[in-house]
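Here are my notes on the model you sent, as numbered points. They start with the ligand and then move to the record and the helix packing.

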Amino acid sequence: PVSIVWFRQDLRVIDNPALFAAVEHGTIVPVYIFDSEIAEEEQPGGASNWWLHHSLESLNKRLNGHLQCFSGDPQTILCDLVSKFSANAVFWNRCYEPTVIERDKKIKQALRDSGCLVSSFNGSLLWEPMSIRKQDGGVYRVFTPYYRKGCLQASAPRYPSPAPTRITYADVSREGHTIQDAGLLPDIDWDSAFYDHWKPGEEGAADKLSDFIRHAARGYQEERNIPSVRGTSRLSPHLHFGEISPNQAWYALLNAFDDQGNSDLDCFLSELGWREFSYYLLFHFPTITEQNFNYQFDKFKWLNRQDDFIAWSKGQTGIPIVDAGMRELWQTGYMHNRVRMIVGSFLVKNLLIDWRKGERWFWDCLVDADRASNAASWQWVAGSGADAAPYFRIFNPVLQGEKFDKQGAYVKTYCPELKHIPDKYLHKPWEAPKEVLNKAGITLGKDYPKPIADLKQTRQRALDAYADTKEN
Ligand code: FAD
């Protein structure tokens, strides 16, 4: 019997439950569909498309060139393919975005109505959101009890499976179009540095995981906060596209640490837990991508000044750590987590710009842009989310820079114009005496911007704006 394997956010061969089941069933036709029906705001951004292009090429190689690509309405395409290829089954791994769940339900029904067997699997989460409930049946809103009680105490994550030993491909005609035809790569060359940082695909994901285990897993808890060092795994885009499953990462780390209960290990596993929590929130509170989780923030009076937003997005705010982060994002498609929190806080609190605008910019620029993690993290930063940072805890980007980028290695990488400024002033060049700036070859407002916001005043302004939402 012939079956169709519909690849989605599971662009891998190892530990892929849908592929595994299809291979057991018989010969397969592997398929990827660019969904033209999906809402505009859910269409992948530029950086994600770059990744997707290369990831599909890599998957196609893994499948010996058998991957068939299509664009259009997935339901129509799948129903056509089932009859064209005389397939009697369709297999896929589940996704958790609310609109995708709705879409998949309809497709499942339509295929079943046509007499086809349809099976879906969990291929991208350690614990699926529908299986985790509080003892009273309610939904968790706070991370620690969710993770410790709801997840860890409930069950161990599924152990990953190897790649199928032998895949037999159905002898069918080539339909659809090539990956190239999808036009995912940019017309203008903004992606040249991406190639230095990333190797999309299953092999690249495995390399990142083994590099991390070899060089950074021990010491993770401390080093994960230092943006100038490779202290984290950089697995996020690989996890997002499913080039590696969280189960593979989870058990690889457990195996690498023979001392269970090690704090570096626990810290890394709990970060994977935050990814799970983001999906859990998205599943149970589908509006978190657009609406404040905490409705009190609906009354928040954002300023939303366009020139401030442009300065922020271009890395031209005059606050070095913020600019370095925004430039890292633009150049590499990635930003260190600590810096994501700093730039987010600066946008939402110091500039009083709605978190949704930041979320959109990240969506377009991040190679790991993810509906669940991006929205949940932005709401966390804004203070409007579930289990969020309290609003009044406003990051001071100067102190953050001085603490986490002491020698300024990170700032100097992305803001090279500041490289001759002495450490003492690197994170606050506006406080440097003129002769220091002259010696460093910097005129503020010419070679590097003057700060667009007074940190002290805007901090107070943010606190006042927050107080207003409580009073009215
Ligand atoms: P590691 O430290 O090695 O962590 C391992 C894995 O755990 C990551 O790959 C990721 O899958 C997961 N993880 C780590 N931290 C978080 C977190 N806070 N929330 C959810 N999952 C986490 N992450 C995304 O994957 N996609 C996004 O679109 C995204 N947007 C963000 C927006 C903001 C404003 C902030 C503050 C954070 C965002 N994050 C997002 C979370 C986090 O910054 C990245 O997952 C992390 O920096 C990825 O680097 P890494 O793989 O080296 O992480």
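**Notes on the predicted model**

1. The ligand sits between two domains. Domain 2 (125-159 + 201-284) and domain 3 (295-471) both give residues to the shell around the ligand, so the ligand lies between them. Please keep in mind that this is a predicted model.

2. Which residues come nearest to the ligand? There are 27 residues around the ligand, and Thr 232, Ser 233, Asn 337, Asn 374 and Ser 377 come nearest. Four helices each give two or more residues to this shell: H9 (236-240), H11 (263-284), H14 (337-350) and H16 (371-382). Ser 233, one of the nearest residues, is placed in the loop between helix H8 (220-223) and H9.

3. On the chemical character of the shell, its residues divide into 10 nonpolar, 10 polar and seven charged.

4. The UniProt record, an unreviewed entry, lists a "binding site" made up of Tyr 220, Thr 232, Ser 233, Arg 234, Leu 235, Ser 236, Phe 268, Asp 368, Ala 369 and Asp 370. These positions are spread over 151 residues of sequence, and in space their C-alpha atoms are up to 23.1 Å apart. Thr 232 and Ser 233 appear in this annotation, and both are also among the residues that come nearest to the ligand in the model.

5. Helix H14, which contributes to the ligand shell, also packs with H13. How do the axes of H13 and H14 cross? The axes of H13 (residues 320-332) and H14 come within 9 Å, and the crossing angle is roughly 115°. Angles of 65 to 115 degrees count as roughly perpendicular, and H13 is therefore roughly perpendicular to H14. The crossing in which H13 passes H14 is left-handed.

6. The N-terminal part has its own annotation. The unreviewed UniProt entry gives "domain: Photolyase/cryptochrome alpha/beta" for residues 1-126. Over residues 1-126 the model is 42% helix and 25% strand, with the end C-alpha atoms 31 Å apart.

7. A second helix pair can be set beside the one in point 5. Helix H3 (residues 74-84) packs with helix H4 (residues 98-113) at an angle of about 25°, and their axes are 10 Å apart. Angles under 35 degrees count as roughly parallel, and H3 is therefore roughly parallel to H4. H3 passes H4 in a right-handed crossing.

How values were computed: Residues numbered from 1 in each chain as written. Predicted model: local features only at pLDDT ≥ 70, side-chain atom pairs only at ≥ 80, totals over all residues. UniProt positions renumbered as here; feature names shortened; annotations may be inferred. Near = placed C-beta within 6 Å. Nonpolar A, V, L, I, M, F, W, Y, C, P; charged D, E, K, R; others polar. Domains from an automatic or database assignment. Axes fitted to C-alpha atoms, helices over the stretch in contact; angles between N-to-C directions. Parallel < 35°, antiparallel > 145°, perpendicular 65-115°, else oblique. Left-handed = near helix turned anticlockwise from the far one by under 90°.
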